Structure formats: C-alpha cells, structure tokens
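Colleague: I should like a close look at a single part of this model, namely one buried cysteine and its surroundings. Please set out the reasoning in full.

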Amino acid sequence: MTQKFTLNVNGKTHTVDADPDMPLLYALRDDIGLNNPKFGCGLAQCGACTVHMDGQAIRSCITPVSSVGDAKVVTLAGLGTPDKPHPLQTAYVEEQVPQCGYCINGWIMTAAAVLKKNPKASDAELRDALAGLKCRCGTHVSILRAIKRAQQSMA
Ligand code: FES
Ligand code: FES
C-alpha cells in the first residue's frame with residue numbers, strides 16, 4: 001500500500017506516493033527526476049547511489065523512503081551547478097577523472113561529506129572514508145588526485 005511522503009531535496013519540497021519500503025534512490029530517480037545517484041549493486045556495496053542526508057553520506061539504495069522524514073537530502077545536482085560548481089566537481093573536470101562516469105556520483109558525494117567535516121583529512125583518512133567505493137573503470141588514482149586538488153583549493 002502506498003503512502004505520501006514529503007521530501008526535502010536540494011532545498012525544494014517534493015511529494016512522492018510510494019511504498020514505505022521503497023528505496024530513497026527510486027524516489028530521487030523515478031519520481032523526482034534526479035539521476036545523478038545511480039543504481040549499482042542495490043546492496044550498499046558500491047556507493048554509486050550516495051547522497052547526503054543532513055550532511056551525512058548515505059547509500060540511498062538501502063534507505064527506505066519512509067525513514068527520511070524531515071532530513072535534508074542533497075544530491076550531486078544540489079552540491080554545485082555548471083555555473084557554480086563545487087571544488088570537487090571542478091577538480092574532477094580538471095583531472096579528467098571520469099571514464100564511463102557511472103561511479104563518479106558516489107566518490108564526489110562521499111568526499112564532499114568527508115571534507116566538510118574534516119577539511120584537513122590526511123591521505124590515510126581519505127582512503128579510509130572512500131574504502132567502500134568501487135570504480136570498475138579503475139580510475140582510483142585520478143580520483144584521489146582530484147580529491148587532493150579540491151582539498152587544496154578549499155584550504
Ligand atoms: S547501488 Fe547503493 S551502494 Fe551500490
Ligand atoms: S568511471 Fe566507470 S565505473 Fe568509475
């Protein structure tokens with residue numbers, strides 16, 4: 001049985017009619033039309049679906065829409081815009097990180113949450129925070145280079 005849920009996403013209010021157990025990822029992609037978060041594994045194993053919920057990086061594929069409540073959800077589209085990109089978005093372009101691009105949402109959203117909490121995160125702390133993310137194209141070295149570049153530009 002579906003219910004109505006009011007979600008605050010990227011500063012706007014959206015009402016979705018959904019089964020309470022439906023993943024937030026489906027509401028974002030299918031009901032709200034925000035397709036930066038990707039469906040990768042659906043099991044919290046790859047990070048492609050990462051969004052921020054009240055500033056925490058969470059896996060939206062295993063987050064029931066009924067658990068979101070009043071939390072503020074931010075997706076990659078809410079992190080920055082083409083006119084005013086987040087430093088991580090700029091750095092990813094400058095370092096030409098993406099190959100297929102499928103994983104990029106997860107890396108940027110996870111790194112953005114880490115750097116917000118700990119702008120001076122060491123290389124080891126960054127690696128720890130990013131450890132659960134997967135890139136099947138093998139761009140890990142350039143991902144780390146872009147994150148370091150962004151970190152320096154934010155200092
Ligand atoms: S799709 Fe959510 S962690 Fe893989
Ligand atoms: S760029 Fe293709 S999976 Fe990461």
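Modeller: In what follows, two residues are in contact when heavy atoms lie within 4.5 Å of each other. The model is predicted, and each value below was computed from it.

The part to examine is Cys 135, which is placed in the loop between α5 (123-130) and α6. Is Cys 135 buried or exposed? Buried means under 20% relative accessible area; because the relative accessibility of Cys 135 is 9%, this residue counts as buried. If neighbours within four places in sequence are left aside, the contacts of Cys 135 are Cys 103, Trp 107, His 140 and Ile 143. Gln 152 gives a further reference point: Cys 135 and Gln 152 are 17 residues apart in sequence, and their C-alpha atoms are 23 Å apart in space.

Cys 135 also belongs to the lining of the largest pocket, whose volume is about 210 Å³. Beside Cys 135, that lining includes the cysteines Cys 41, Cys 46, Cys 100, Cys 103 and Cys 137. Gly 40, Ala 48, Tyr 102, Lys 134 and Arg 136 also line the largest pocket. By class, eight of the lining residues are nonpolar, one is polar and two are charged. Cysteine is counted as nonpolar in this scheme.

With several cysteines in one lining, the question of sulfur pairing arises. A disulfide is a covalent bond between the sulfur atoms of two cysteines. How many disulfides does the structure hold? The number is zero, the criterion being a pair of cysteine sulfur atoms within 2.5 Å. As to accessibility, Cys 41 is partly exposed, because its relative accessible area is 24%. Cys 49, by contrast, has a relative accessibility of 3% and therefore counts as buried.

Cys 49 leads on to Asn 105, a residue of helix α4. Asn 105 is buried, since its relative accessible area is 3%. Apart from residues up to four places away in sequence, Asn 105 touches Cys 49 together with Asn 36, Pro 37, Lys 38, Ala 48, Thr 50 and Leu 76. Of these, Ala 48 is also named in the lining of the largest pocket.

Helix α4 recurs in the second largest pocket, where α4 gives the most to the lining, with three residues. This pocket holds about 150 Å³ of space. Its lining consists of His 52, Gly 55, Val 74, Leu 79, His 86, Ala 112, Leu 115, Lys 116 and Met 154. These residues divide into five nonpolar, three polar and one charged.

Helices α4 and α6 both help to cover another helix, α3. Which residues of α3 (residues 87-94) are buried? They are Leu 88, Gln 89, Ala 91 and Tyr 92. These residues lie on the same side of α3, because they cover an arc of only 165° around the axis. The general background is that an α-helix has 3.6 residues a turn, so residues three or four places apart point the same way. The cover over the buried residues of α3 includes α2 (76-79), α4 (104-117) and α6 (140-154). After α3 comes Gln 96, with a positive phi near 50°.

In summary, Cys 135 is a buried residue that lines the largest pocket and is in contact with Cys 103, while the structure holds zero disulfides.

Terms used:
Residues are numbered from 1 along each chain as its sequence is written. Chains are lettered from A and ligands numbered from 1 in the order in which they are written. This is a predicted model: local features need pLDDT of at least 70, side-chain atom pairs count only at pLDDT 80 or more; totals for chains, interfaces and linings use all residues. Side-chain values use heavy atoms; hydrogens and water are left out. Buried means under 20% relative accessible area, exposed over 50%, partly exposed in between (1.4 Å probe, protein chains only). Helices (H or I, at least four residues) and strands (E, at least two) are DSSP runs, numbered from the N terminus. The arc is that of the directions from the helix axis to the C-beta atoms. On a 1 Å grid over the protein atoms alone, a cavity is a set of points where a 1.4 Å probe fits but cannot get out, and a pocket is an open set with protein on both sides within 12 Å along at least five of seven lines; lining residues have an atom within 4 Å of a point. Grid points are joined across faces, edges and corners, and a volume is the space filled by probe spheres set on the points.
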